[in-house]
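Visitor: I'm new to reading protein structures. Could you walk me through one?

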Amino acid sequence: MAAAVLLLSSALLCAALGCAGAALIPPAADVKVEVLHKPFLCHRRTKWGDMMLVHYEGFLERDGSMFHSTHKHNNGQPMWFTLGIREALKGWDRGLKDMCVGEKRKLTIPPALAYGKEGKGKIPPESTLIFNIDLLEIRNGPRSHESFQEMDLNDDWKLSKQEVKIYLKKEFEKHGAVVNDTQHDALVEDIFDKEDEDSDGFISAREFTYKHDEL
């Protein structure tokens, strides 16, 4: 029975984790987005959960000095990152949605969505940053950001055992499957044993995005 429950949960939740189509949601007002170049044809737009391959240059707004460039400081290699899981700056997550391959954007990001009061390396505290970003490639991310948000009931960017249990129960009921609390608890424990990489009792956005087979 336990094996059947695990198999069913896997099927239900994998279906739930299919990436939805990109929504034309404007970026937050506190991130200034300028489109410097847009291709004539756009076959796909970026959405949260997508992996993006980009070249970028970063500048301090206060004096225009460059603090990093993938062309100059990364052996000339572009960088992969996953959109929407705070893998890069919050300002990137807000300013790079609905972007096409071949598009170039200029982002002006306030300190609160960059490195804030602490700063980082060559970046002083409370710095507004400017990025010129070229999108070279989009790939499907391992897991859907939308599904993580649906599970994350208190919006703290991590999943508790209770949140995962509630989501599983809802999905089982949606598909007419009956599983008692003991079986749900065992399933949740199995998921956390495998996926809670740092054993802190939560599944973070990063652990969820890169790890989950059951979810």
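**Reading salt bridges and cores**

Guide: Happy to. Keep in mind that this is a predicted model.

Visitor: Let's start with charges. How many salt bridges are there?

Guide: The count comes to eight salt bridges. To spot one, look for a side-chain nitrogen of Lys or Arg within 4 Å of a carboxyl oxygen of Asp or Glu. Take K32 and E34: their side chains meet in a salt bridge, at 3.8 Å from N to O.

Visitor: Are K32 and E34 buried or exposed?

Guide: Neither label fits, because partly exposed covers what lies between under 20% (buried) and over 50% (exposed) relative accessible area. K32 has 49% relative accessibility, so K32 counts as partly exposed. E34 has 26%, so E34 counts as partly exposed too.

Visitor: Which residue forms a salt bridge with R44?

Guide: That's D50, with the closest N and O atoms 3.1 Å apart. R44 is partly exposed because its relative accessibility is 29%, while D50, at 0%, counts as buried. K47 forms a salt bridge with D50 as well, and there the closest N and O atoms are 3.3 Å apart. Both K47 and D50 are buried. Through these shared partners, R44, K47 and D50 join into one network.

Visitor: Now the inside. What should I look for?

Guide: Here's the general idea: in soluble globular proteins, nonpolar side chains tend to be buried together. In this model, the largest nonpolar core has 22 residues. W92, L96, I109 and F131 have the most contacts inside this core.

Visitor: Which strands supply at least two residues of this core?

Guide: β2 (51-60), β5 (104-109) and β6 (129-139) each do. Of the elements feeding this core, β6 gives the most, with five residues.

Visitor: What is W92 in contact with, leaving aside its neighbours within four places in sequence?

Guide: Setting those neighbours aside, W92 is in contact with V54, Y56, M79, F81, L83, L107, I109, F131 and I133. There is also another core, lying apart from the 22-residue one. It has 14 residues, among them I85, V164, L168 and A205.

Visitor: Let's try one single residue. Where is S69 found?

Guide: S69 is in strand β3, which runs over residues 66-69. S69 counts as buried because its relative accessible area is 0%. Not counting residues up to four places away in sequence, S69 touches Y56, E57 and N74. Y56 is a residue you have already met, among the contacts of W92.

How values were computed:
Residues numbered from 1 in each chain as written. Predicted model: local features only at pLDDT ≥ 70, side-chain atom pairs only at ≥ 80, totals over all residues. Heavy atoms only, no water. Buried < 20%, exposed > 50% of the residue type's maximum accessible area, 1.4 Å probe, protein only. Core = buried A, V, L, I, M, F, W, Y, C linked by side-chain atoms within 4.5 Å. Helix = DSSP H or I, 4+ residues; strand = E, 2+ residues; numbered from the N terminus. Contact = heavy atoms within 4.5 Å.
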